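Biologist: Hey, can you walk me through this structure? I'm new to this, so plain words please.

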Amino acid sequence: MKKKSKEKLSNQVQQEENSEMKMKNRQKPSRKEIRWDKLDNTAHIFPVIAGESMSNVYRIAVTLTEDIVPEILQEALDLVLPKMAGFNLRLRQGMFWYYFEENGKPAPVVEEETEFPCRYIHQNKNRSYLFRVSYYKKRINLEVFHVLTDGMGGINFLKELTYQYLRLLHAPLREQLGDQLSSDTSLNREDSFLKNYHRSHAKGYKTRKAYLVKGEQLRKEELGVIHGIMPVSRLKEVCHRYQVSINEYLVATFIWAVYQEYLHGMPSKRPIRVAVPVNLRPYFQSITTKNFFIMVSAEYGADKENESFEDVLKAVADSLRSQITKEHLEELFSYNVSNEKHLMARAVPLPLKNIAIRYVYTSAALANTSTVTNIGNIKVADEYKPYIQSFHAFLAMSKGQEIKGTICSYEDELVFTFSSILRDTSIQKCFFRKLAEDGVDVTIESNGAYYE
């Protein structure tokens with residue numbers, strides 16, 4: 001294609017996109033103009049693949065020291081939501097892309113939890129919002145459709161909601177702190193993928209199929225959740241002994257459990273490969289509340305018989321350390337952004353884009369046995385600490401991945417949560433048994449999905 005033709009097509013696509021947005025934003029003169037926003041690079045995939053069987057919803061929850069008062073929690077949500085532009089959104093479908101539009105409806109209704117978690121969020125049944133808030137005894141649950149934001153963006157919102165709730169419930173807190181947003185709460189909505197993208201790179205993802213864990217499933221819509229609660233200080237001692245990080249140790253233990261319980265220590269033609277999301281904000285000085293993460297893979301070849309835990313741990317640690325560098329992470333997301341920015345791809349109508357996105361997603365999904373994500377250590381303002389007991393998080397299932405793990409810590413308590421649709425719990429048992437053998441005291445809690 002000649003340069004002039006390229007420029008002409010580029011201008012045409014941009015004009016059509018702008019025209020489409022303007023038409024959507026036209027309102028009566030008496031009403032203010034409704035703002036809209038583009039999806040970030042990672043978010044484009046979620047509206048295409050999400051549905052009843054694969055909700056792409058994650059949960060972050062905070063447990064307080066006293067039972068939740070639902071009317072106060074609803075009032076807190078009503079007050080906080082208008083201030084948080086990144087959650088006050090609905091999803092719209094354009095000719096070329098999905099996009100966000102300001103919602104402005106009353107906040108979703110806060111309800112007591114009575115169903116299994118991480119269900120698909122129907123916008124038309126949720127006042128067009130892409131998140132839900134529920135409660136159970138002392139716990140506040142925030143469930144988020146991943147198109148909105150990643151785990152760090154979810155924490156940002158949940159903390160502010162919790163702060164507002166505690167101020168409404170405890171007059172001395174409100175008198176001391178007022179009703180302003182916390183200084184640690186981000187309202188930044190930049191697309192940090194685009195900001196930090198520099199050039200196109202070759203694909204850095206592995207697409208060779210991985211070993212997949214399969215078996216009898218729980219009943220439809222059931223999601224089994226098992227929390228392992230342990231002291232961070234003791235876990236650090238064990239990891240120091242192995243000379244690895246907490247993340248490396250827990251991911252390796254997950255892989256070890258799969259190797260022991262499903263491969264029975266025998267070789268496999270396909271590797272056990274676990275996707276590990278990496279929060280990119282610390283590497284690129286970002287405070288965005290949009291998605292800003294990239295996947296790397298922890299891999300164990302499983303090509304030998306009866307290998308030791310130390311062998312598995314070394315393989316996992318080596319694979320993660322070789323990938324988690326700023327340079328390599330930039331290469332990975334720059335490849336993704338280059339595809340989005342490709343002139344011809346932008347000109348393709350959305351239905352055709354969706355077909356291509358589903359194909360790419362399926363190839364990538366089947367290249368991983370599971371996903372283990374580390375939310376990290378959650379910090380809260382000192383004034384609220386007496387009222388907050390713990391945090392935990394977990395993920396919904398995705399194609400080919402019927403069991404996942406999530407790491408979340410607060411103060412000296414770390415919670416490793418398994419979410420699974422498998423009836424068999426041998427991986428979970430092997431995982432926690434290994435931790436106990438290494439000297440980590442673990443308390444187990446479950447949501448009851450495994451009780452008949």
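Modeller: Sure, what follows is a chat about sheets, helices, hollows and a few single residues in this model, which is predicted.

Biologist: Let's start with the sheet. In what order do the five strands of the open sheet run?

Modeller: The order is β5-β6-β7-β2-β12, and the pairing is mixed. β5 and β12 are the edge strands, each with a single partner strand, so one side of each has no neighbour in the sheet.

Biologist: And how do β2 and β7 pair?

Modeller: β2 and β7 pair in the antiparallel sense, over seven bridges. To find one of those spots, look at Ile 60, whose bridge partner in β7 is Leu 142.

Biologist: What about β2 with β12, how many bridges there?

Modeller: Seven bridges, and the sense is antiparallel. Here you can look for Tyr 58, which has Leu 395 as its bridge partner in β12.

Biologist: Is β12 largely enclosed or largely open?

Modeller: Largely enclosed by the rest of the structure, because seven of its eight residues, which run from 388 to 395, are buried. Buried here means under 20% relative accessible area.

Biologist: OK, which other strands pair up? How about β9 and β10?

Modeller: β9, residues 272-279, pairs with β10 in the antiparallel sense over eight bridges. Ile 272 has Tyr 300 of β10 as its bridge partner. β10 covers residues 293-300 and is mostly covered, with seven of its eight residues buried.

Biologist: Switching to helices. Which residues of α3 are buried?

Modeller: In α3, residues 70-80, the buried ones are Ile 72, Leu 73, Gln 74, Ala 76, Leu 77 and Val 80.

Biologist: Why might residues three or four places apart in a helix point the same way?

Modeller: An α-helix has 3.6 residues a turn, so residues three or four places apart point the same way.

Biologist: Nice. And what do the buried residues of α3 pack against?

Modeller: They pack against β6, β7 and α4, where β7 is 139-145 and α4 is 151-169.

Biologist: Now single residues. Where is Ser 419, and is it buried or exposed?

Modeller: Ser 419 sits in strand β14, residues 413-420. Ser 419 counts as buried because its relative accessibility is 0%.

Biologist: What does the side chain of Ser 419 reach?

Modeller: It reaches the backbone oxygen of Leu 395, at 2.7 Å. Remember Leu 395 from the sheet: it is the partner of Tyr 58.

Biologist: And which residues does Ser 419 touch, leaving out those up to four places away in sequence?

Modeller: Ser 419 touches Leu 223, Gly 224, Phe 394, Leu 395, Met 397, Glu 402, Ile 403 and Lys 404.

Biologist: There's another serine, Ser 426. Where is that one?

Modeller: Ser 426 is in helix α14, residues 426-437. Ser 426 has a relative accessible area of 16%, so it is buried, given that the cut-off is under 20%.

Biologist: Which side chain makes a polar contact with the side chain of Ser 426?

Modeller: That would be Asp 424, at 2.7 Å. Leaving aside neighbours within four places in sequence, Ser 426 is in contact with Glu 261 and Tyr 262.

Biologist: And Ile 355, buried or exposed?

Modeller: Exposed, because its relative accessible area is 53% and the line for exposed is over 50%. Ile 355 belongs to helix α13, residues 350-365. Ile 355 and Ile 49 are 306 residues apart in sequence, yet 10.0 Å apart in space, C-alpha to C-alpha.

Biologist: Last topic: empty space. How many cavities of 30 Å³ or more does a search of the whole structure find?

Modeller: One. The largest cavity holds about 90 Å³ of space. It has 13 lining residues, and the closest to its centre are Met 84, Gly 86, Phe 87, Asn 156 and Thr 289. By class, that lining has six nonpolar, six polar and one charged.

Biologist: And what volume does the second largest pocket have?

Modeller: About 1100 Å³. It is lined by 41 residues, with Glu 52, Pro 117, Cys 118, Arg 119 and Tyr 120 closest to the centre. The lining of the second largest pocket splits into 14 nonpolar, 10 polar and 17 charged.

Biologist: Which strand gives the most to the lining of the second largest pocket?

Modeller: β6, with three residues. β5 and β6 each supply at least two.

Methods: Residues numbered from 1 in each chain as written. Predicted model: local features only at pLDDT ≥ 70, side-chain atom pairs only at ≥ 80, totals over all residues. Heavy atoms only, no water. Helix = DSSP H or I, 4+ residues; strand = E, 2+ residues; numbered from the N terminus. Buried < 20%, exposed > 50% of the residue type's maximum accessible area, 1.4 Å probe, protein only. Polar contact = N/O pair within 3.5 Å; in protein donor to acceptor, adjacent residues only side chain to side chain. Contact = heavy atoms within 4.5 Å. Pairing = 2+ DSSP bridges. 1 Å grid on protein atoms, 1.4 Å probe; cavity = no way out; pocket = protein on both sides within 12 Å on 5 of 7 lines; lining within 4 Å. Points joined across faces, edges and corners; volume = space filled by probe spheres on them. Nonpolar A, V, L, I, M, F, W, Y, C, P; charged D, E, K, R; others polar.
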